[in-house]
Amino acid sequence: MSESEASPGATPTLVIIPAFNEEATVGRVVRVEGGRSYIQLITDPDFPGVGVKLVQARDVGIATAGTGGTLVVDEGIQGGTEVRRGDLAVTSGYDGPYPGGIPVGTVESVGRTDERTEQTLVLEPTANLSG
């Protein structure tokens with residue numbers, strides 16, 4: 001059925017397609033045109049985030065764009081969880097279209113939220129996103 005044949009008031013369905021390369025999570029496909037796919041990178045400030053799980057600690061959070069090409073996880077990682085620099089974060093598989101277990105980034109630094117109940121992590125993306 002073409003768009004012009006759609007029922008009045010029908011809402012088009014938005015399908016989110018995750019984007020990966022041979023090594024890790026890259027982002028999501030935002031447009032396909034002329035045989036090309038356009039990808040919104042996970043480091044884009046407008047990227048909505050991706051659910052991540054720490055491989056060692058098994059805590060789950062949401063990674064969003066940080067500064068300087070990094071990612072930030074600022075909710076979900078409990079204050080008592082042992083997190084070390086170099087720990088791997090992978091897609092959690094619990095939300096959205098991303099299957100679990102795909103590398104997202106490694107922990108570069110660990111801090112605390114203002115309430116000090118959760119940790120704030122800075123991740124270096126696993127994928128080379130510089131082109």
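In this predicted model, strands β5 and β6 pair in the antiparallel sense, and 3 bridges join them. One of the bridge pairs matches A65 with L71 in β6. The two strands make a hairpin with 5 residues between them, and G68 in that turn has a positive phi of about 60°.

On the other side of the story is the pairing of β4 with strand β5 (residues 60-65), which is antiparallel and runs over 4 bridges. Here K53 stands opposite V60 in β5. This pair of strands also forms a hairpin with 5 residues between them, and the turn holds R58, whose positive phi is about 75°.

Let us now turn to the sheet as a whole. These strands belong to a barrel that 6 strands close in the order β4-β5-β6-β9-β8-β7, with antiparallel pairing. Neighbouring strands of this sheet are turned against each other by 40° on average, direction ignored. As a general reminder, strands of a sheet pair through backbone hydrogen bonds, in either a parallel or an antiparallel way. Within the barrel, β8 and strand β9 (residues 119-125) pair in the antiparallel sense over 7 bridges. T106 has E124 in β9 as its bridge partner.

Which residues does T43 touch, once its neighbours within four places in sequence are left aside? The contacts are A65, G69, T70, L71, P125 and L129. Two of these names are already familiar, as A65 and L71 are bridge partners. T43 itself lies in the loop between β3 (36-41) and β4 (50-54). Is T43 buried or exposed? T43 counts as buried because its relative accessibility is 18%, and the cut-off for buried is under 20%.

Next come the charged side chains, with 3 salt bridges in the count. Here they are with the distance between the closest N and O atoms:

| Salt bridge | Closest N and O atoms |
|---|---|
| E33 with R31 | 3.3 Å |
| R84 with E82 | 2.4 Å |
| R85 with E108 | 2.9 Å |

The bridge between R85 and E108 links distant parts of the chain, the two residues being 23 residues apart. R85 sits in the loop between β6 (71-73) and β7 (88-91), while E108 belongs to strand β8 (residues 103-112). R85 is exposed, with a relative accessible area of 62%, whereas E108 is partly exposed at 28%. Why do they get these labels? The cut-offs are over 50% for exposed and under 20% for buried, with partly exposed in between, so 62% makes R85 exposed and 28% makes E108 partly exposed.

For the R84 and E82 pair, both R84 and E82 are exposed. In the remaining pair, E33 is partly exposed with a relative accessible area of 43%, and R31 counts as partly exposed at 40% relative accessibility.

R31 has a further role in this picture, beyond its salt bridge with E33. Where does the charged end of R31 sit? The charged end of R31 sits over the ring of Y38, 4.0 Å from the ring centre. As for rings paired with rings, the structure holds 0 aromatic pairs.

Methods: Residues are numbered from 1 along each chain as its sequence is written. This is a predicted model: local features need pLDDT of at least 70, side-chain atom pairs count only at pLDDT 80 or more; totals for chains, interfaces and linings use all residues. Side-chain values use heavy atoms; hydrogens and water are left out. A salt bridge is a side-chain nitrogen of Lys or Arg within 4 Å of a carboxyl oxygen of Asp or Glu. Buried means under 20% relative accessible area, exposed over 50%, partly exposed in between (1.4 Å probe, protein chains only). Rings of Phe, Tyr and Trp (its six-membered ring) pair if their centres lie within 6.5 Å; planes under 30 degrees apart count as stacked, over 60 as edge-to-face and the rest as tilted. A charge sits over a ring if NZ of Lys or CZ of Arg is within 6 Å of the ring centre and within 35 degrees of the ring normal. Contact means heavy atoms within 4.5 Å. Two strands pair if DSSP finds at least two bridges between them. Axes are lines fitted to C-alpha atoms, for helices over the stretch in contact, and angles run from 0 to 180 degrees between N-to-C directions.
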